[in-house]
Amino acid sequence: MRYSVLSLAAQVFRGPSALTPAWRNATPKPAYDVIIVGGGGHGLATAYYLAKEHGIRNIAVLEKGWIGSGNAGRNTTIIRSNYLLPGNEPFYEWSMKLWEGLEQELNYNTMVSQRGVLNLYHSDAQRDAYARRGNAMRLSGADSELLDQAQVRAMYPFLDFENARFPIQGGILQRRGGTARHDAVVWGYARGADRLGVDIVQNCEVTGFLFEGGRVVGVSTTRGEIRAGKVGLAVAGNTSRLASLANLRLPIESYPLQAFVTEGLKPLIDGVITFGAGHFYVSQSDKGGLVFGGDIDGYSSYAQRGNLPVIEDVCEGGMALMPLLGRLRILRHWGGITDMSMDGSPIIDRTPHPGLYLNAGWNYGGFKATPASGWCFAWTLAKDEPHQLNAAFRLDRFATGYVIDEKGVGAQPNLH
Ligand SMILES: Cc1cc2nc3c(=O)[nH]c(=O)nc-3n(C[C@H](O)[C@H](O)[C@H](O)COP(=O)(O)OP(=O)(O)OC[C@H]3O[C@@H](n4cnc5c(N)ncnc54)[C@H](O)[C@@H]3O)c2cc1C
């Protein structure tokens, strides 16, 4: 069914019995041209663009749980393209352009809301660094504005400007940044891929790889062996665990990252705000809750839950930025597993094993990358070479020294 006002009106008269599922819950076939492991946003977007842009239709997405049960359904939904380095900025700006047309592309309400992302600065040096970043963004066609304190005050008068330990001096604003509804992005790509013939197989965990003559020719799963011409991994926080089954040791460590939602409030924050003197960011969902988060937990784990010290740390950051937060009650909090790469930038590349391809290293920030990641990974899988946009996201850059260290902090996952 194509969604439109007319089809909605017709549905009202037909009643619920005429509703059809948005995608099929497929049973795996013995073989596919391409298998994508991981039914998060990236895996589903990859399958969609492989079918749509490259005409490859015999594809399966294998998901060990239900689609969107990983980070895709657990993130704080921020999208932006405010990067500095040439390896990153054109890729993220392409992602932003894909976000801007996504609802029309998928015929699905992914609730893309360009409500603006404001990064605060608290010192002259930080202002200068932001000015440089903003200029780099503009060179890649992105939008960016440097605001002084008065301009930020006019937007968000309730922030702690003067009394705080780190007074707010201003901010860098990307008006085209904002949020998108994470679940809807998963469902929209799933529906789009399904309509192009992709099999979405849930409750199907990949437990190993089939090799023939050094080439990956399929996967073993909890639902039997499935052969494939090519296998692409898009399993985010489980990347190092899964890659080890193919004898690959990757420059990725997995850490829990938590997120929080307060009780619903009247409209208070109409954009996204990030604290520049600590790790805290906040926006307000359309339901009214403040959605916020901060640092990763301080230890590696594959558990989708976090620990109390980081909750305290995040709330401290929040209180330092906007003291009104102390009056609110937290309604829910949860954790996901982030695939932290050693330079804070992703990997979209072939692997040393012919037939096996890798999409990983998304750190805190892979949700915003979802459209471009799927688009570029599909290109790499279809053509056996990277697109110019992901040419820098090579797996061997940690051996060759061509790292993309956006923050200049070295191989320290907790500082990316
Ligand atoms: C709390 C939190 C907040 C975040 N906030 C933001 C944000 O505001 N903005 C932003 O840009 N990014 C954010 N991120 C990061 C972003 O969510 C991730 O980088 C991105 O979702 C990762 O890609 P994905 O959607 O494909 O991953 P996932 O949704 O994790 O997909 C991977 C899938 O692989 C499946 N899988 C794993 N192992 C196997 C196996 N062996 N066999 C089959 N399937 C398997 C998993 O079940 C999972 O569904 C946040 C992350 C977290 C945890």
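A biologist asks a modeller about the ligand and the sheet in this structure.

Modeller: Heads up, this is a predicted model, where local features need pLDDT of at least 70 and side-chain atom pairs count only at pLDDT 80 or more, while totals for chains, interfaces and linings use all residues. Residues are numbered from 1 along each chain as its sequence is written, and side-chain values use heavy atoms, leaving out hydrogens and water.

Biologist: How many residues surround the ligand?

Modeller: A residue gets in if one of its heavy atoms lies within 4 Å of the ligand. Glu-63, Asn-71, Ala-72, Tyr-364 and Lys-368 are the closest. The full count is 38.

Biologist: How much of the ligand does the protein bury?

Modeller: Look at the polar contacts (N or O pairs within 3.5 Å): a polar side-chain atom of Thr-76 lies 2.8 Å from a ligand oxygen, and a backbone N or O atom of Phe-367 sits 3.0 Å from one. Alone, the ligand exposes 1000 Å² (Shrake-Rupley method, 1.4 Å probe). Of that, the protein buries 96%.

Biologist: Which strand gives the most to the shell around the ligand?

Modeller: Strands here are DSSP runs of E, at least two residues long. Helix H2 (41-54) supplies at least two shell residues. The top giver, with three residues, is E12.

Biologist: Why do E5 and E16 each have one side without a neighbour in the sheet?

Modeller: The open sheet's eight strands run E5-E6-E4-E13-E14-E15-E12-E16, with mixed pairing (at least two DSSP bridges make a pair). Strands E5 (145-148) and E16 (330-341) stand at the edges, so each has a single partner strand.

Biologist: Which residue in E6 stands opposite Asp-148?

Modeller: Strands E5 and E6 (residues 170-174) run antiparallel, joined by four bridges. Opposite Asp-148 you'll find Gly-170.

Key: A polar contact is a pair of N or O atoms within 3.5 Å; within protein, one must be able to donate a hydrogen and the other to accept it, and residues adjacent in sequence count only if both atoms are side-chain atoms.
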